[in-house]
Amino acid sequence: MPEEPFPPPGPGDQEPPGPALPAGRNGPQDRTPAAAPGTGTSGPAGPPPAGPDDGWDEPPADQPEEPQQGLFVCLPAENMELARFGGDDERPPMAPGPLLAMVAAAVAGGDGAGLAQVPEEMLFAMISGGRRMSSWATWLEFSAMRELALRHPAVPPRPRTPRPAAPAAPGAPAAPGAGGGPAAGQTPAGPSAAGTGAAPGAPVAAEDGRVQFDDFVADEVAFGLRMSWHGAADRISYACDLAGRLPVTFAALGAGLIDPVHAKIISEQTDILSAADAAKADPLLAAAAQHKTYAELRAAAAKLVLKLDPEAAERRKQARRKNDAHVRPFREDSGNAGMTARELPSDEVLASWQHVEQRARELRAAGVPGSLRELRIRAYLDLLQERDSRLTLTPAPGQDRGQDPGPGQGPVGDDGPQPGPGGNGGNGPGPRGGPAGTGPDGHARPDGHARPAGPGTGPSLAALVNLTVPLATALGLSGVPGEAGGFGLLDAGTARDLLAAAGRSPHTRWCVTVLYPDGTAAAHGCATGRHPPPPGPEPPGPDQRPPPDTRAEDYLRSLGVRLVPIARGSCDHRHAEPGYQPSRKLQHLIRTRSTRCTAPGCGRPAARCDLDHTLAWDKGGLTCECDLAPVCRHHHRCKQAQGWQLTQPEPGVLQWRTPHGRTFTTTPTEYPL
C-alpha cells in the first residue's frame, strides 16, 4: 500500500483531472434522474444515452483479464500518510483507537498471516502500533473501573445502638451515660459531633482525596476477570489513583504516548507525595516517560520526589515497614521452595545476614562439605530450625566434636568467626568451635539442646495443614503430584519427603480420602492416634516383594480408618446435626469436598475459612453437607451484602449471583489423579 494512496486535490479542492466513472460502474451515469414534479412524465424511463467508448468495459482483445489484488483502506484526510502508522521522531504516530485497530487488523489478518507479506519497516510499525493499542486498552479498562468505583462509594458502618443502662438503685449515683447524657467516651449526636455533618451511612472520602469504593464491587469485577478479590481491589484502587492524582500521565497512557509500565513507575514513585506535589510532578514525569527507559524514568522520578518533598523517603520507609513487612514461604516455579522477608529494618537485616555468613564460615571451618553458597543455605535453615549440622560430622581421631580444627586445617584465608552479631545467646561472635549462641558441645544456651541435622533425622514437620498425597505416589508407584495447603503442588519426591517429615512429628494425624473417577472426593476418614507414614518405594532388587495393591491395603488396614461417604448430587441428610456448630467429623467432610473457599477465584485454604450455612441457620438452614461450605471471612460478608445471593443447588455446587444479575458457579475440588 503506497504512502500516498490518493492524488493530491486540485486547486480549490477540485477533483483532479481524470476519466469519469464509466457506465455500469455505479457512477453517476447509472443514476436515472427523477422526473421533476409537474412535468407530466410517466412510464418507465428510457435507457441513458450511450457515452463514448472509453475502453473501460472490455479489456484489449490480445490481453486476458486478470483479477486485481491489493489492500484498499479508506483513511481520513488527516491520516492519509501511511508513515504515520508507525511514527518516528519527525512525524507523530497515528493515535490509538478504532482507526489504528482497523488498519492493523487489515494488515495482519485474522490469524497474523498477513505479517509474512509486509516489509520489515511495516513490522516495526506494527510493533509500535500494537504497543500504543495496548496502552489505550489499559486506559479504557482503568477508565471503566474508576467510573464503577465512583458509582459505588464506600459507606461507613452504621454506629451500633448503645444498650440501655440498667436502672440505678434508689439513692445510688447515676451511672455514666444515664439520665440522657452521653457516657464516657461517647460523642453527642448531631452534625457537630461528627465534624462533617454527614448522616450515618453517607459516603466518605479519604483525607488525601483518593477514591474510597465499596468493598464488594471488587468481587464482582474479580468474578468476571477470573481474579482474586485482592487483585481486583488493588487494580481498581490503582486505576482511581492514576486517573485522579495523575491526570496528565493517565491522558498520555490513553494517547499511546507511554505504556502501562511507565505509568506504573510514575504512580509508585509519587504515591508518597501529597496531592499538590503529585500534581506538580505529573506533567514533568509524563513528558519524561515518552523519551526514557524504565530504569531512567524510575531514577528521574525518585530524584524529583526527593526534590519536591525531602522527607518523602523516610515516610515511605516507615509506611512500608508498618503495612507491608512480612515473612512468608512460597513455591518456586521449579518445584522447590523459597522463603522471603520484605520491608524489614535495614540494621536488623544486615545483622541477620552477617549472622548467617558467620555460621556458614563456622560450618566450613568444621569440615562440613559444600561451597560457601551452599553452606549459607544450610546455616540459614539451621538457625531457623534451631539445629546444628556439625553434630552429624564424624570427628577426626584425637579431636572432640565441635573442637577447633586447628591452624592450617581450616580453609585458606579463613581466620575464624568474623566480628558481628551473635546467635541465640546474644551479640558478638559465638565461641570458637560452636555455633553462635551454643557451647562447644553444641548445646544451646541457656536452655534446650541443639538438635542434630542430617539425612538420618531430617526436619520435623507437624502436618497441621493438609498434605494431600496420592497413596500410589506415597508408595513410589506413581508420579502424580501432591499438594500442601497454602503452598501449592508437590512433585512426587517432595511429597514423599514431606510425608516422612510429618511422620516424625507427634502432632501429625493421618486421614484417607477415596476419589471418584473425576477426581472429586467420594469418602473420607481419619485415623486415631499416631501412625508412621506410608512406606516409601522399595529398593530395586531380585527379591520378591508383595504386589503393589497388597502394600496399599496393608497400610490402610494398619490405620484402622472408617470411611464415611460424602454426599454428591442429592443429599439424604444422614450426616445432618441439630446444632449450629458442625462436629469435627462433619467439618472434615465439608473441607475434604471443597479444599478452598468456594467463592470464584478465591484460593484461601478451607482450613482457614468459615463453615458457612448457605441458607442461614436461623432461617431454616441445616447443619448438613447440603447447606455447609467453606467461605473465607471476606466472602462471608460479601454473601450477606445487599444484592448478593448464594445458593447450593446440590452438595458442594455453589451459585453466586451478583447485584447486577450475573451468575458464577463453583464445584467441588478435583484432586490430581
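Which residues does H613 touch, not counting residues up to four places away in sequence? That was my opening query, and the notes below follow from there. A reminder to myself before going on: this is a predicted model.

**Entry 1: H613**

I found that H613 touches Y580, L622, T623, D627, L628 and K639, leaving aside residues up to four places away in sequence. H613 sits in strand β11, which covers residues 610–613. I then checked its exposure: the relative accessible area is 4%, and because the cut-off for buried is under 20%, H613 counts as buried. One of its neighbours deserved a second look, and I found a polar contact of 2.9 Å joining the side chains of H613 and T623.

**Entry 2: the chain overall**

Next I stepped back to the whole chain. I counted 17 helices and 15 strands. The chain has 673 residues, and buried residues make up 32% of them. For contacts with a separation of 6 or more, I see that 58% come from residues 24 or more positions apart. The accessible surface comes to about 41,200 Å², and carbon and sulfur atoms hold 55% of that.

**Entry 3: helix α4 and what follows**

How many of the nine residues of helix α4 are buried? I get seven for this helix (residues 217–225), so α4 is largely enclosed by the rest of the structure. The buried ones are V217, A218, D219, E220, V221, A222 and F223. I looked up what they pack against and found the helices α2 (120–151), α5 (229–245) and α17 (633–640), along with the strands β14 (653–657) and β15 (663–666).

Just after α4 I came to R226, with a positive phi of about 55 degrees. Most residues other than glycine have a negative phi, which made me stop here. R226 is not a glycine, yet its phi is positive. It lies in the loop between α4 and α5. With a relative accessible area of 73%, R226 is exposed.

**Entry 4: a second positive phi**

I noted H573 as well, which is not a glycine and has a positive phi of about 60 degrees. H573 lies in the loop between β10 and α16. Its relative accessible area is 39%, so I log H573 as partly exposed.

**Entry 5: α2 against α6**

Since α2 came up under α4, I followed it to helix α6 (residues 247–254). The two axes come within 7 Å and cross at roughly 130 degrees. α2 and α6 are therefore oblique to each other. On the α2 side, the contact is made by S135, W136, T138, W139, F142 and S143. On the α6 side, I list F250, L253 and G254.

**Entry 6: the β5-β6-β7 sheet**

This one is an open sheet of three strands in the order β5-β6-β7, with antiparallel pairing. β5 (467–468) and β7 (488–490) stand at the edges with a single partner strand each, so one side of each has no neighbour in the sheet. I checked how β5 meets β6 (residues 482–484) and found two bridges in the antiparallel sense. L467 stands opposite A484 in β6. Helix α14 (residues 492–503) lies across β5 and β7, and I have its direction at about 95 degrees to β7.

**Entry 7: the β8-β9-β10 sheet**

Here I found another open sheet of three strands with antiparallel pairing, in the order β8-β9-β10. Which strands stand at its edges? They are β8 (511–515) and β10 (564–565), each with a single partner strand, so one side of each is left open in the sheet. Strand β9 (residues 521–526) is joined to β10 by two bridges, running antiparallel. The bridge partner of A523 in β10 is P565. Helix α16 (residues 584–593) lies across β8, β9 and β10, and runs at about 140 degrees to β9.

**Entry 8: the β13–β14 hairpin**

β14 had already turned up among the elements packed against α4. I now see that four bridges join it to β13 (residues 645–650), with the two strands antiparallel. Q645 has R657 of β14 as its bridge partner. The hairpin has two residues between the strands, and G652 takes a positive phi near 85 degrees there.

**Entry 9: P369**

My last lookup was P369, in the loop between α11 (346–365) and α12 (372–385). At 64% relative accessibility, P369 counts as exposed. I also noted L393, which is 24 residues from P369 in sequence and 9.9 Å from it in space, C-alpha to C-alpha.

Notes. Residues are numbered from 1 along each chain as its sequence is written. This is a predicted model: local features need pLDDT of at least 70, side-chain atom pairs count only at pLDDT 80 or more; totals for chains, interfaces and linings use all residues. Side-chain values use heavy atoms; hydrogens and water are left out. Two strands pair if DSSP finds at least two bridges between them. Contact means heavy atoms within 4.5 Å. Axes are lines fitted to C-alpha atoms, for helices over the stretch in contact, and angles run from 0 to 180 degrees between N-to-C directions. Buried means under 20% relative accessible area, exposed over 50%, partly exposed in between (1.4 Å probe, protein chains only). Accessible areas come from the Shrake-Rupley method with a 1.4 Å probe; for residues, only the protein chains shown count as cover. A polar contact is a pair of N or O atoms within 3.5 Å; within protein, one must be able to donate a hydrogen and the other to accept it, and residues adjacent in sequence count only if both atoms are side-chain atoms. Angles under 35 degrees count as roughly parallel, over 145 as roughly antiparallel, 65 to 115 as roughly perpendicular and the rest as oblique.
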